[in-house]
Amino acid sequence: MPKPLFNKLVAICAIGFFCVLFGCVYGIHTKDKIFLLMSILIALCSLIRFISFYRLIHSHQYLCLEGICVKRDPALLKRSLHILLRTVDGTEYHFTLDKGVKLLQGHYYRLYFRTDRVGDARSADVPNALQEFLGFEELTSVNSKRTSEGQ
């Protein structure tokens, strides 16, 4: 399981757990049934989201792109960035991400996107799959990645 996706899975679980924990304790302490019910509903929604995201990871319904961030331009009057990612084989991908994603120009990254199909995502419909960004991780270099695959 990739580390950025695992971290997101843990965050979903923690949010649901702490909402139900503090919500139920506060709801029982103040005898507020509506607050207690809302806390339980938030926990159920978090549980459904956790299971859905776990199934996405387990069935490999995500696209993994690796490459160097060649260009990073903020969009004017929007909270987004235009990213140009060049893979090792020279293919370039253009996509837009939120400004909160801190990709640095010249660094080597592995990006994860949600797809609708199962299997490896190296196909002709890759630009259509770049709809929902799941996470990223910075890799040290292309050479260290290749040596770790050879072991």
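How many aromatic pairs does the count come to? In this predicted model, the count comes to 8 aromatic pairs when ring centres within 6.5 Å are taken as the rule, and the views below show two of these pairs together with the strands and the helix around them.

**View 1. Phe18 and Phe22 form a stacked pair in helix H1.** The ring centres of Phe18 and Phe22 lie 5.9 Å apart with their planes at 20°, so the pair is classed as stacked. Because Phe18 and Phe22 are 4 residues apart in helix H1, about one helical turn separates them. Phe18 is partly exposed, at a relative accessible area of 41%, whereas Phe22, at 55%, counts as exposed.

**View 2. Phe95 and Phe113 meet edge-to-face.** The centres of these two rings are 5.3 Å apart and the angle between their planes is 75°. Since Phe95 belongs to strand S3 and Phe113 to strand S4, the pair ties together parts that are 18 residues apart in sequence. Phe95 is buried at 8% relative accessibility, and Phe113 is likewise buried, at 1%. Phe95 and Phe113 also belong to one aromatic cluster, which they form with Tyr109, Phe133 and Phe136.

**View 3. Five strands make up an open antiparallel sheet.** The order of the strands is S3-S2-S1-S4-S5, with strand S3 (92-98) and strand S5 (132-139) at the edges, each pairing on one side only. From one strand to the next, the twist averages 45°. Helix H1 (residues 3-30) lies across strand S1 (62-74), S4 and S5, and runs at about 125° to S5.

**View 4. Strands S4 and S5 run antiparallel and are joined by 7 bridges.** Within this pairing, Arg114 stands opposite Glu132 in S5. Phe113, whose place is in strand S4 (residues 108-114), has its C-alpha atom 5.2 Å from that of Leu134, although Phe113 and Leu134 are 21 residues apart along the chain.

**View 5. Glu137 of strand S5 is a buried residue with a polar side-chain contact.** With a relative accessible area of 19%, Glu137 counts as buried because the cut-off for that class is under 20%. The side chain of Glu137 makes a polar contact with the side chain of Tyr112, at 2.7 Å. Leaving aside residues up to four places away in sequence, Glu137 touches Lys3, Pro4, Tyr108, Tyr109, Arg110 and Tyr112.

Note on methods. Residues numbered from 1 in each chain as written. Predicted model: local features only at pLDDT ≥ 70, side-chain atom pairs only at ≥ 80, totals over all residues. Heavy atoms only, no water. Helix = DSSP H or I, 4+ residues; strand = E, 2+ residues; numbered from the N terminus. Buried < 20%, exposed > 50% of the residue type's maximum accessible area, 1.4 Å probe, protein only. Pairing = 2+ DSSP bridges. Axes fitted to C-alpha atoms, helices over the stretch in contact; angles between N-to-C directions. Contact = heavy atoms within 4.5 Å. Polar contact = N/O pair within 3.5 Å; in protein donor to acceptor, adjacent residues only side chain to side chain. Phe/Tyr/Trp six-rings, centres within 6.5 Å; stacked < 30°, edge-to-face > 60°.
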